[in-house]
Amino acid sequence: MISAITPRRFTRLLTHWRGKLLPSQCPVCHLSLDAAPESATPALCCAACWDAHYSYCLCQCCGLPVPTPQARCGVCLSHPPAWDRLVAISAYEDPLPQLIHAFKYQQAFELAIPFARQLSERIHHPAPVLLPVPLHWRRRWQRGFNQSGHLAWALADYLDTHVVDNVLVRHRHTAPQQGLSRQARLSNLKHAFAISGELPDSHVAIIDDVVTTGQTVSQLCRLLRRAGAETIDIYCLARTDLP
């Protein structure tokens, strides 16, 4: 009997075969990445470029760059966000934008593995339940997959947590948030999401690709609070600077 191909297994298989067929180059300096054992997780870029581009601190609450490590920056103390903690790989700086674009729009599914590896190294007290940001069925049909779901399944392997992808529901098709003003973003997301069933735990994490103004995850946080969530984390690939 042939078992079903889950998002987790699909990502692993694709990563394995692309790694064998295509040369591995650093997207920043374009030099070949050092050969790694077959079982090793592929890297997003070489160690030298990683240290050069990502050697700065992020606020543990909002995820924006800060001069020194801190749990909450001044903005978070005066205007607390809807969530408790946000963890990102880095700010929205090269080479992450190109990699995220390939992941979302060019079906580079295999990037979920190195994305999850880098992100998991920054999560010290993981939520037991991971909730991917849902896509409306029309958007999922157009794109072919939910990138937040693939990231969540890959991340669950590293964190030893569970993915629940049927609690958050997107029942209204909306325009892309990118390029909209703050007021337009709020209006665009009104009544777009809903909660289906009961939360499996009071500590949950929302999985998203990029957090910009935070309107999407804030909407979801409010729904989750009403459903009984006591602690809400945000795990994302990148956090863009506020305008």
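**Exercise 1.** In this predicted model, determine which residues I207 touches, not counting residues up to four places away in sequence.

*Solution.* Begin with the contacts at lower residue numbers: I207 touches L130, L131, P132 and V133. Next, add S148, L151, A152 and L155, which I207 also touches. Finally, Y235 completes the list of contacts of I207.

**Exercise 2.** State which residues touch the most other members of the largest nonpolar core, and which element gives the most to this core.

*Solution.* The core comprises 36 residues, and those touching the most other members are I89, L111, F115, L130, L155, I207 and Y235. Several elements each supply at least two residues, including helix 2 (47–54), strand 3 (85–91), strand 8 (203–211) and strand 9 (231–239). Helix 7 gives the most, with 6 residues. Apart from this core lies another, of 25 residues, among them W83, L131, V164 and L199.

**Exercise 3.** Locate A154 and decide whether A154 is buried or exposed.

*Solution.* A154 lies in helix 7, which spans residues 147–159. Its relative accessibility is 5%, so A154 counts as buried. Leaving aside residues up to four places away in sequence, A154 touches A112, I113 and A116. From A154 to E110 the C-alpha distance is 9.8 Å, with their positions 44 residues apart in sequence.

**Exercise 4.** Explain why C73 and C76 do not form a disulfide.

*Solution.* A disulfide requires two cysteine sulfur atoms within 2.5 Å. The cysteine sulfur closest to that of C73 belongs to C76 and is 3.6 Å away, which is too far for a bond. Both residues are nevertheless buried: C73 has 11% relative accessibility and C76 has 3%. The structure holds 0 disulfides.

Note on methods. Residues are numbered from 1 along each chain as its sequence is written. This is a predicted model: local features need pLDDT of at least 70, side-chain atom pairs count only at pLDDT 80 or more; totals for chains, interfaces and linings use all residues. Side-chain values use heavy atoms; hydrogens and water are left out. Buried means under 20% relative accessible area, exposed over 50%, partly exposed in between (1.4 Å probe, protein chains only). Helices (H or I, at least four residues) and strands (E, at least two) are DSSP runs, numbered from the N terminus. Contact means heavy atoms within 4.5 Å. A nonpolar core is a set of buried Ala, Val, Leu, Ile, Met, Phe, Trp, Tyr and Cys residues joined through side-chain atoms within 4.5 Å.
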